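Subject: Structure for you to look at

Hello,

Here is the structure I said I would pass on. Please open it first, then read the notes below.

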Amino acid sequence: MRSLFIQFTTGQRQLYSLLLTALLALVSVQAHAEQTTFEKFGGKPGLVLIVDDMMLNLIAAPLTKPFFDNPKKDFIKFMLVEQFCDLLDGGCKYPGRDMKSTHAKFKVGRAEFNSLVESLQIAMDKHDVPFTAQNQLLAKLAPMYRDVEAGSGPVPTSTNSAK
Ligand code: HEM
């Protein structure tokens, strides 16, 4: 009895598998191109992982450690995730205070600000956020410097000082 299955030659099989691979590659390029910036951060779960790492970096960095190595860090992480999600049009409404009153009781300088940005960049790199997407978030944070540095309080000097 004749087989019901279509018989392919080795050459045909190779050609079809090549075509299938090319098609799958095209579909994946297309899907990537259609991702929003928020999706390039991995959505909200991605932001949570990035901000977790950012906070570890902030506490490891000498300039920012005094500000963040205290029990308030979990609350700040939560607020940063909501704020970044809002800035990236991820469908969140940042529920926190404005940047001027939040940082009013601290003296934050350019060096501390740059150190925070570096902690964020290292975390975004670790989580493979594409460069263009990273820059989109950084461009929204950069103008906040004016409000963050407007404070006039003391620089916290020890753990648990920034309650
Ligand atoms: C673009 C830069 C920054 C952003 C977007 C940012 C964002 C935030 C947010 C969302 C909060 C929580 C707001 C709330 O309590 O409702 C916060 C709190 C805080 N931030 Fe920043 N921040 C920035 C830069 C910095 C820098 C450079 C420092 C110090 C090195 C700093 C130190 C703090 C501290 C100590 C708190 C807790 C304030 C408190 O105890 O009430 N921030 N920040």
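In helix 3, the residues that count as buried (under 20% relative accessible area, 1.4 Å probe, protein chains only) are Gly-43, Gly-46, Leu-47, Ile-50, Val-51, Asp-53, Met-54, Met-55, Leu-58 and Ile-59. Helices here are DSSP runs of H or I with at least four residues, numbered from the N terminus. This is a predicted model, where local features need pLDDT of at least 70 and side-chain atom pairs pLDDT 80 or more, while totals for chains, interfaces and linings use all residues. Residues are numbered from 1 along each chain as its sequence is written, and side-chain values use heavy atoms, without hydrogens and water.

The buried residues of helix 3 pack against helix 2 (37-40), helix 4, helix 5 and helix 7, with contact meaning heavy atoms within 4.5 Å. The length of helix 3 (residues 43-60) agrees with expectation, because 18 residues at 1.5 Å a residue should span 26 Å and the end C-alpha atoms are 26 Å apart. The expected span is 1.5 Å times one less than the number of residues.

Next, the iron atom of the ligand. Its only protein donor is His-103, through NE2 at 2.1 Å; donors are N, O and S atoms within 2.8 Å of the metal (3.2 Å for Na, K and Ca), and water is not among the atoms, so sites may look incomplete. His-103 lies in helix 6.

Regards

Conventions
Helix = DSSP H or I, 4+ residues; strand = E, 2+ residues; numbered from the N terminus. Buried < 20%, exposed > 50% of the residue type's maximum accessible area, 1.4 Å probe, protein only.
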